[in-house]
Amino acid sequence: MPQSVLRNHVLRALSPEDFARLQPSLHHVELDIKDQLEVAYQPIERVYFPEMGIASVVATMSGGRQSEVGIVGRDGMTGVAVILGQDRSPNETYIQVAGNGWILPVETLRSAIVDSQSLRESLLRYAHAFLIQSSRTALVNGHSKIEERLARWLLMVQDRADGNKIYLTHEFLATMLGARRPGVTTALQMLEYRGLVHAKRGEITIVDRVGMIKLTHGAYGEEEQSHFCLPPPNCSESDKPLQAAELVP
């Protein structure tokens, strides 16, 4: 697969020399719902670069309570802990929207990072963007209403998906938002009442993106799209989601 036609932004943004270091060990893989990409506190053996689909990075508390702390789509990659020099993470990562992508052995990545400062710097830029996303999620979860959090999350998934349809259950949404299922159902009904989404079993269609952005009251913005161009010259206009400022008068 030529680098220029890849949809994954991290791979496409690499220099040709750095991509050539990884290319022989990259293998295409289908990513099905609930596929486990990383297990909490277990050594990370492979990293994934999604082309389609969404992976959730989920933190778990004692008692089994879970909340999503980050999402990875074609904008990024799994294995941020590896980029930062660790071999495991306290979080688990699994597929929530089916798709496909590329898989790379961790040892190959580690060796390439040691050999190439430019590769290390490029991956660290993504790690920084992911940490910004995670910190923003913590801020929003602590201060925004559940319908604002839901709207932000749906917008972030749409940024990384093809089209306006998102295939998810209310139970999955509750885990992603760290909320009770009845509260998520009520919030989704509110979005539907306002004409922002259309929901049916296992499927949500975003009808009014501009209205959704307004509803978040600032919870969704440029930080949520911080890695859609890395670096900007390698990102075409068709790959960038519209910014809130471009959508809201």
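A residue is called buried here when its relative accessible area is under 20%, exposed when it is over 50%, and partly exposed in between (1.4 Å probe, protein chains only). By that yardstick, buried residues make up 52% of the 249 residues in the chain. The model is a predicted one, so local features need pLDDT of at least 70 and side-chain atom pairs count only at pLDDT 80 or more, while totals for chains, interfaces and linings use all residues. Residues are numbered from 1 along each chain as its sequence is written, and side-chain values use heavy atoms, with hydrogens and water left out.

Let us start with the overall layout. The chain has 10 helices and 8 strands; these are DSSP runs numbered from the N terminus, with helices (H or I) of at least four residues and strands (E) of at least two. Of the contacts (heavy atoms within 4.5 Å) with a separation of 6 or more, 73% come from residues 24 or more positions apart.

Now to the cores. A nonpolar core is a set of buried Ala, Val, Leu, Ile, Met, Phe, Trp, Tyr and Cys residues joined through side-chain atoms within 4.5 Å. The largest one has 34 residues, of which Leu-11, Leu-22, Phe-49, Met-77 and Leu-109 touch the most other members. Helix 1 (9–13), helix 2, strand 3, helix 3, strand 5, helix 4 and helix 5 each supply at least two residues of this core. Apart from it lies another core, of 27 residues, among them Leu-154, Met-156, Leu-168 and Leu-196.

Helix 4 (residues 106–115) is worth a closer look. Its buried residues are Val-106, Leu-109, Ala-112 and Ile-113. They sit on the same side of the helix because they cover an arc of only 130° around the axis, the arc being that of the directions from the helix axis to the C-beta atoms. On the other side of helix 4, Glu-107, Val-114 and Asp-115 are exposed. The cover over the buried residues includes helix 2 (16–22), strand 3 (46–60), helix 3 (80–83), strand 5 (92–105) and helix 5.

Two buried helix residues make a good pair to inspect. Arg-136 lies in helix 5 (residues 117–143) and counts as buried because its relative accessibility is 16%. Leaving aside neighbours within four places in sequence, Arg-136 is in contact with Arg-152, Gly-218, Ala-219, Tyr-220, Glu-223 and Glu-224. Leu-173, found in helix 7 (residues 170–177), is buried with a relative accessible area of 0%. Not counting residues up to four places away in sequence, Leu-173 touches Leu-150, Trp-153, Leu-168, Val-184, Leu-188 and Ile-204.

Finally, two loop residues deserve a glance at their backbones. Most residues other than glycine have a negative phi, yet Tyr-41 has a positive one although it is not a glycine, and His-217 likewise has a positive phi without being a glycine.

| Residue | Phi | Loop between | Relative accessible area |
|---|---|---|---|
| Tyr-41 | about 65° | strand 2 (36–38) and strand 3 | 54%, exposed |
| His-217 | about 50° | helix 9 (209–215) and helix 10 (244–247) | 63%, exposed |
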